[in-house]
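Q: Hey, can you walk me through the structure below? I'd like to start with any enclosed spaces and then move on to charged pairs.

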Amino acid sequence: MPKKLTQQQKEARRLEKARKKEAAALKKAQKQEARMAKQKAAAERKAMQRIEKECRAFYNEEITLAKKKCKRISKMVTKAFKKFKPGFDIRKAMREKIQLREEKGGTWDLIGAYEQMLTLPYYKNEAAASGAVHNTARHEDAVAKVLEENGFLRYPLASKLNRTATMKWIQQPELSNEIPDGTFIEQPFGTHNAPDFIVKVNNNFVLFLEAKSSATALHPTYNSGGVKQDLLYVFCAKKTNQTTIFKGSSVITIEQQRLIDEHIIEARKRDEELNDKLAAIDPNHRGISYYTRPMIIQSGGASYTNYFTHTQRQQAENHAIDWLKKKCKN
């Protein structure tokens with residue numbers, strides 16, 4: 001018969017069994033932890049590899065784009081240089097022509113140019129018309145041609161003029177001393193900004209001239225640019241095939257312009273107030289706003305708007321030429 005275990009032996013066996021069980025659980029936990037650490041390390045390596053791959057792809061793409069951009073810029077520079085050199089040669093030739101005229105004591109005649117412009121037929125402004133009946137299709141070209149025929153030479157700008165500073169030449173012509181006398185600049189501020197011409201007569205007089213024409217109306221369209229007091233306007237109409245010339249002051253008075261300017265300022269303030277209110281109730285987040293555009297128009301029938309039958313046409317033309325004669329003498 002097996003020997004009966006004492007209570008102490010039973011307790012010892014139980015403790016040994018518990019110890020072995022605990023050791024087995026610890027070993028299992030260690031294996032589990034080691035396996036998880038291995039999996040984590042593998043996942044981190046995989047993530048790093050993916051990041052490295054993405055970074056390589058990103059940088060390769062950036063390098064490719066940079067190379068393409070550099071190539072495109074290089075082509076643009078080459079193209080610009082090819083255009084610049086002929087342009088530079090033209091400017092150089094024109095300046096040499098101006099210098100030669102100064103050395104020979106050449107002359108120019110603004111009054112003669114004015115009288116010749118009055119005889120011009122109708123030309124379209126800016127864009128040349130297909131099938132134009134004249135050799136010169138653009139009104140601006142026709143005006144420039146008259147200036148050249150009366151001794152004025154084109155002055156080639158090496159860089160753009162500052163509009164604010166240049167507009168001061170009207171009242172302070174001496175500020176234009178870098179521009180040679182007897183020259184003109186066509187569309188100094190672009191095709192959509194007045195004036196179309198700056199004519200440098202001398203350091204005492206710089207003429208700002210605007211070429212206007214209409215295929216349908218018998219008066220110019222001033223739009224938001226308004227009528228400038230000291231600008232000389234050369235206007236032709238298709239309906240009459242004639243040209244008339246006038247100063248802006250023959251169309252609008254200083255007091256009228258002051259009232260319009262004040263109204264525009266008030267309208268701008270109302271625009272700001274309205275836009276603040278619109279922004280406060282914009283649930284669609286669309287940025288809806290409003291802008292009042294100034295628009296100078298003329299109305300009242302032909303007696304007011306027909307520049308060719310107007311009772312003051314001759315008076316306006318005489319006033320313009322008298323003004324030019326006085327300015328040219330000073």
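**Cavity and salt bridges**

A: Sure! Leu110, Tyr114, Met117, Leu207, Leu209, Leu232 and Leu324 line the largest cavity. A cavity here is a set of points on a 1 Å grid over the protein atoms alone where a 1.4 Å probe fits but cannot get out, and lining residues have an atom within 4 Å of a point. This is a predicted model, where local features need pLDDT of at least 70 and side-chain atom pairs count only at pLDDT 80 or more, while totals for chains, interfaces and linings use all residues. Residues are numbered from 1 along each chain as its sequence is written, and side-chain values use heavy atoms, with hydrogens and water left out.

Q: How many cavities of 30 Å³ or more does a search of the whole structure find?

A: Just 1. The volume of the largest cavity is about 30 Å³, counted as the space filled by probe spheres set on grid points, which are joined across faces, edges and corners.

Q: Which element gives the largest share of that lining?

A: Helix H2 does, with 3 residues. H2 (110-117) and strand S4 (205-214) each supply at least two. Helices (H or I, at least four residues) and strands (E, at least two) are DSSP runs, numbered from the N terminus.

Q: OK, new topic: how many salt bridges are there?

A: The search of the whole structure finds 12. A salt bridge means a side-chain nitrogen of Lys or Arg within 4 Å of a carboxyl oxygen of Asp or Glu.

Q: Why do side chains pair like that?

A: Side chains of opposite charge can pair when their charged atoms come close.

Q: Which residue does Asp181 pair with?

A: Lys200, with the closest N and O atoms 3.3 Å apart. That pair links distant parts of the chain, 19 residues apart: Asp181 is in the loop between helix H4 (163-167) and strand S2 (183-186), and Lys200 is in strand S3 (residues 197-202).

Q: And is Lys200 buried or exposed?

A: Lys200 counts as buried because its relative accessibility is 2%. Asp181 is at 27%, so Asp181 counts as partly exposed. The cut-offs for relative accessible area are under 20% for buried and over 50% for exposed, with partly exposed in between (1.4 Å probe, protein chains only).

Q: Which residues are linked in a network of salt bridges?

A: Arg138, Glu140, Asp141, Glu148, Arg154 and Glu186. Within that group, Glu148 bridges to Arg154, their closest N and O atoms being 3.0 Å apart.

How values were computed:
1 Å grid on protein atoms, 1.4 Å probe; cavity = no way out; pocket = protein on both sides within 12 Å on 5 of 7 lines; lining within 4 Å.
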